[in-house]
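Student: I would like a close look at a single part of this structure. Please take me through it step by step.

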Amino acid sequence: SDLFTCPEDSVQLQARRNAASYQWFPSAGLSSATIARPLARPAALTDYILLARHASGCVDRDTVRVHVWAKPTLSIIPDFGEVCLGDSVILEAGAIGLAGITWSPGASLSSTISPRTTAKPTSTTTYTAIVRDVNGCHDTATVTLLVNPPPVVDAGVDTVQCGDDPIQLNAQGGVSYSWAPIASLQNPNTATPLANPDTSTMYRV
């Protein structure tokens with residue numbers, strides 16, 4: 001009967017009868033072309049022909065067809081990402097005919113066996129997903145999440161306002177800013193907004 005294997009896997013061929021010598025054709029992809037039970041690792045559909053010579057000199061001929069399943073193609077979304085320390089990101093793996101999946105390392109994942117999992121790494125981490133399809137064939141993919149430390153923000157020193165003169169605040173340490181409360185601020189989404197409060201006010205950035 002026909003045999004089936006996954007790409008890059010092997011399957012064992014079997015001579016039906018004992019013989020004095022064996023010769024398999026083609027020899028490419030075989031662990032040995034001159035034994036009764038070689039391992040076959042074909043790259044595509046292949047018909048292997050066996051010539052078995054008996055002690056009497058008679059030769060038997062037999063053929064076995066080996067089918068190669070299509071390899072599942074695994075993709076991970078996103079294929080690369082950045083996350084702030086303490087935040088999380090959803091990873092989603094997909095492959096045609098997916099029957100099972102394993103993620104690693106699992107310490108910072110919400111699930112290691114679900115196609116959709118939440119990652120919350122504490123340092124830059126490369127996650128590996130291994131999928132198995134309905135034929136038992138496997139594929140592997142990785143995704144690296146770069147963990148960025150939180151910014152060290154300085155809102156500046158306390159300031160005294162004289163009269164109605166506005167005061168320029170000055171924040172440092174970030175690339176974008178959001179000040180609050182905004183009622184007495186001009187341009188609260190900049191590092192240096194102008195403040196003109198009616199009373200003593202604590203501004204946060």
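Student: How many residues lie between β12 and β13 in their hairpin, and which residue in the turn has a positive phi?

Tutor: Keep in mind that this is a predicted model. Four residues lie between β12 and β13 in the hairpin. In the turn, G136 has a positive phi of about 85 degrees.

Now look at the two arms. Strand β12 covers residues 125–133. Strand β13 covers residues 138–148. They run antiparallel, and eight bridges join them. One place to look is R132, which stands opposite H138 in β13.

Next, follow the side chains along β13. In a regular strand the side chains alternate between the two faces of the sheet. Strand β13 shows this alternation. D139, A141, V143, L145 and V147 point to one face and are buried. Buried here means under 20% relative accessible area. H138, T140, T142, T144, L146 and N148 point to the other face, and they are not buried. So H138, the residue opposite R132, is on the face that is not buried.

Strand β13 also pairs with β8, which spans residues 80–84. This pairing is parallel and runs over five bridges. Compare that with β12 and β13, which run antiparallel. In the pairing with β8, V83 has V147 of β13 as its bridge partner. You have met V147 already: its side chain is among the buried ones.

Put the part together. Strand β13 is joined to β12 by eight antiparallel bridges, and pairs with β8 over five parallel ones.

How values were computed
Residues are numbered from 1 along each chain as its sequence is written. This is a predicted model: local features need pLDDT of at least 70, side-chain atom pairs count only at pLDDT 80 or more; totals for chains, interfaces and linings use all residues. Side-chain values use heavy atoms; hydrogens and water are left out. Buried means under 20% relative accessible area, exposed over 50%, partly exposed in between (1.4 Å probe, protein chains only). Helices (H or I, at least four residues) and strands (E, at least two) are DSSP runs, numbered from the N terminus. Two strands pair if DSSP finds at least two bridges between them.
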